[in-house]
Amino acid sequence: MPSPIKRHESLKHLSRDHHHGLLLCWKIREGLKKEIDPVRIRDYCRFFYAAQLVPHFEFEEEEVFSLLDQHHPLIKQALMEHRDLTALFQSEEAPVTVLKEIEQLLEAHIRFEERVLFNEIQQNSTEEVLAGVEKKENDLVTPNPDDWEDKFWLK
């Protein structure tokens, strides 16, 4: 089994956000498995996107991704995945299909950032630069992703 990833303190808040994203993936799977109306699941996903992912993506793109060159292939991949996820969360296509795509892409994206991109950023950034990210990150406040009345994943 691989050893746990040592996350720099300045990126731990983003890793906690990623944990919430992985929980969203689980909630989607649970909702589909329990044959919950996909519109109910989609509505929660849209809440989660607006409340959690929009500020998360903006912070990463403005503060974290800039720690590597904008032409770095890992940054290009992350930005492309952010765009693809945004399109999925805003899609009006068949909800079940879109929900499955969100679940798969979001989980893969989070794993990529945690296992590959953040490690690259940590290896190529100074302590001072990372401390600056942490200071800005402390100002980022998002609502609790469980502040949603319809907890379909529990039913």
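A residue is termed buried when its relative accessible area is under 20%. In the predicted model described here, 45% of the 155 residues of the protein count as buried by this criterion. Tyr44 falls in the buried class, as does Phe152, and these two residues provide an entry to the aromatic part of the interior, which is treated below after the overall fold.

The protein contains five helices and zero strands, and its elements follow the order α-α-α-α-α from the N terminus. The radius of gyration is 16 Å, close to the 15 Å that the globule rule gives for 155 residues, so the protein is as compact as a globular protein of that length. Along the principal axes, the C-alpha atoms occupy a box of roughly 50 × 35 × 30 Å. Among contacts with a separation of 6 or more, 84% are made by residues 24 or more positions apart.

The nonpolar interior was examined next. The largest nonpolar core comprises 23 residues, and Leu24 and Phe89 have the most contacts inside it. Helices α1 (12-33), α2, α3 (73-90) and α4 (95-123) are the elements that each give two or more residues to this core. The largest share, nine residues, is supplied by α2. Apart from residues up to four places away in sequence, Leu24 touches Tyr44, Cys45, Phe48, Phe89 and Leu106. A second core, separate from the largest one, has 17 residues, including Phe65, Ala78, Phe118 and Ile121.

Aromatic side chains were then considered. For rings of Phe, Tyr and Trp, a pair requires centres within 6.5 Å, and eight aromatic pairs result from this rule. Tyr44 and Phe152 form one edge-to-face pair, with 5.9 Å from centre to centre and 70° between the planes. This pair links distant parts of the chain: Tyr44 belongs to helix α2 (residues 38-64), whereas Phe152 lies in the segment after α5 (127-137), and the two are 108 residues apart. Phe152 also pairs with Trp153; the ring centres are 4.9 Å apart and the planes stand at 85°, so this arrangement too is edge-to-face, since planes over 60 degrees apart are classed in that way. Both Phe152 and Trp153 are buried. Through ring pairs, Tyr44, Phe47, Phe48, Trp148, Phe152 and Trp153 are joined into a cluster. Lys27 is placed over the face of Trp153, at 4.1 Å from the ring centre.

The cysteine residues were inspected for cross-links, and the structure holds zero disulfides. The cysteine sulfur closest to that of Cys25 is in Cys45, at 8.7 Å, which is too far for a bond, because a disulfide requires sulfur atoms within 2.5 Å. Cys45 is likewise in no disulfide, and the nearest cysteine sulfur to it is that of Cys25. Cys25 has a relative accessibility of 0% and therefore counts as buried. Cys45, with a relative accessibility of 1%, is also classed as buried.

Polar and charged residues were found in differing environments. His82 lies in helix α3 and is buried, with a relative accessible area of 2%. Beyond its neighbours within four places in sequence, His82 is in contact with Phe57, Glu60, Glu61, Phe65, His109 and Glu113. One of these contacts, Phe65, is also a member of the second core.

Arg29 lies in helix α1 and, at 37% relative accessibility, counts as partly exposed. With neighbours within four places in sequence left aside, Arg29 is in contact with Glu103 and Glu107. The C-alpha atom of Arg29 is separated by 22 Å from that of Arg83, which is 54 residues away along the chain.

Glu35 is located in the loop between α1 and α2. Its relative accessibility of 71% places Glu35 in the exposed class. The phi angle of Glu35 is near 55°, a positive value in a residue other than glycine.

Methods. Residues numbered from 1 in each chain as written. Predicted model: local features only at pLDDT ≥ 70, side-chain atom pairs only at ≥ 80, totals over all residues. Heavy atoms only, no water. Phe/Tyr/Trp six-rings, centres within 6.5 Å; stacked < 30°, edge-to-face > 60°. Helix = DSSP H or I, 4+ residues; strand = E, 2+ residues; numbered from the N terminus. Buried < 20%, exposed > 50% of the residue type's maximum accessible area, 1.4 Å probe, protein only. Lys NZ or Arg CZ within 6 Å of the ring centre and 35° of its normal. Core = buried A, V, L, I, M, F, W, Y, C linked by side-chain atoms within 4.5 Å. Contact = heavy atoms within 4.5 Å. Rg over C-alpha atoms; globule rule 2.2 N^0.38 Å.
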